[in-house]
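The following exercises concern salt bridges and burial in a single model. Each task is followed by a solution in steps.

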Amino acid sequence: MTMKLLTEKKLQKLLEEHSLKAVRDNARYYENEILKKQTELLTLQNQINPHFLYNALECIRAQAVISDMQEIADITYALSNFFRYSISTKSDFATLNDEVNVINNYMKIQQYRFRDRFCLNVDLPDTWSSIMDAVIPKLTLQPIVENSIVHAFTESADNGVINIEIIPAKKHINIRISDNGKGIDSDTLKMLNHSLKQEYYVSPNHGKRSTGIALWNVNRRLKLVFGDRYGLHVSSTPALGTDVEIHIPYISVKSDDFSQTGGNTYA
């Protein structure tokens, strides 16, 4: 009788665990679908008539070239490429090479806007050609770089530096985005990293202007796509700067495992 009772308890526990896992898997799937629909809606709202925008920018660039205004021509070209990349609805994913290229365009625009108050250094590994086709959610790097521009350099007049270092590690890739800005105090940093672990965004600054929502969005997308082992972590030292480290698996865009329409395929 005792053995039968224990067996029934174990069976009940297994059923409960299975049901809980199914609920969690469904919740993850629907959260990913909602996030994709929200992104699509935002894209449609911003899209209006992209061809009109591209044609207008190309006209401005052509006129700048004719007028021998090369700087204006270069910035207009960078702006056109950035909009074309960010507005495109062909896929939710890009390659790591695409992300690096769009960051270069984005920084050209920002450097023109802020008159070279800061610069960008991109450190690519010797093995870059073998990992540049790695899959990554589109616009993963840009919000983090923008975060540095908006928050890290608010108290510095010039000499700001943003470094992007790509570090391959067997079947994974680490991407470190660092700046030499004002940094984050220890209490705020602790709350920021805690908020990144939450399924729903909670501001680490309790209603004040926060640096965290862009990071939370990027982190959440990475976890929904690749699984909870992946995402980002923030480290910082006041007056010295901040590092944001992104951890993703290496999955080639040419891989049989990859689907351009996949959501949390690897979770």
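**Exercise 1.** Which residues of H6 are buried?

Solution. The structure is a predicted model. The criterion for burial is a relative accessible area under 20%. The buried residues of H6 are Leu141, Gln142, Pro143, Ile144, Val145, Asn147, Ser148, Ile149, His151 and Ala152. This amounts to 10 of the 12 residues of H6, so the helix is largely enclosed by the rest of the structure.

**Exercise 2.** Determine the expected span of helix H6 (residues 141–152) and set it against the distance between its end C-alpha atoms.

Solution. Step one: the expected span is 1.5 Å times one less than the number of residues. Step two: for the 12 residues of helix H6, the expected span is 16 Å. Step three: the end C-alpha atoms of H6 are 16 Å apart, which agrees with the expectation.

**Exercise 3.** State how many salt bridges the structure holds, and examine the one between Glu58 and Arg61.

Solution. Step one: the structure holds four salt bridges. Step two: a salt bridge requires a side-chain nitrogen of Lys or Arg within 4 Å of a carboxyl oxygen of Asp or Glu. In the pair Glu58 and Arg61, the closest N and O atoms are 3.2 Å apart. Step three: both residues belong to helix H2 (residues 50–66), where they are three residues apart and thus separated by about one helical turn. An α-helix has 3.6 residues a turn, so residues three or four places apart point the same way. Step four: Glu58 is partly exposed, at a relative accessible area of 37%, and Arg61 is also partly exposed, at 24%.

**Exercise 4.** Identify the residues that salt bridges with shared partners join into one network, and locate each of them in its strand.

Solution. Step one: Glu165 forms a salt bridge with Arg176, with 2.8 Å between the closest N and O atoms. Glu165 lies in strand E4 (residues 160–169) and Arg176 in strand E5 (residues 172–179), so this pair ties together parts that are 11 residues apart in sequence. Step two: Glu245 also forms a salt bridge with Arg176, the closest N and O atoms here being 3.4 Å apart. This second pair links distant parts of the chain, since Glu245 is in strand E7 (residues 241–249) and Arg176 in strand E5, 69 residues apart. Step three: through the shared partner, Glu165, Arg176 and Glu245 form one network. Step four: the relative accessibility of Glu165 is 29%, which counts as partly exposed. Arg176 is partly exposed at 24%, and Glu245 is partly exposed at 28%.

Methods:
Residues numbered from 1 in each chain as written. Predicted model: local features only at pLDDT ≥ 70, side-chain atom pairs only at ≥ 80, totals over all residues. Heavy atoms only, no water. Helix = DSSP H or I, 4+ residues; strand = E, 2+ residues; numbered from the N terminus. Buried < 20%, exposed > 50% of the residue type's maximum accessible area, 1.4 Å probe, protein only.
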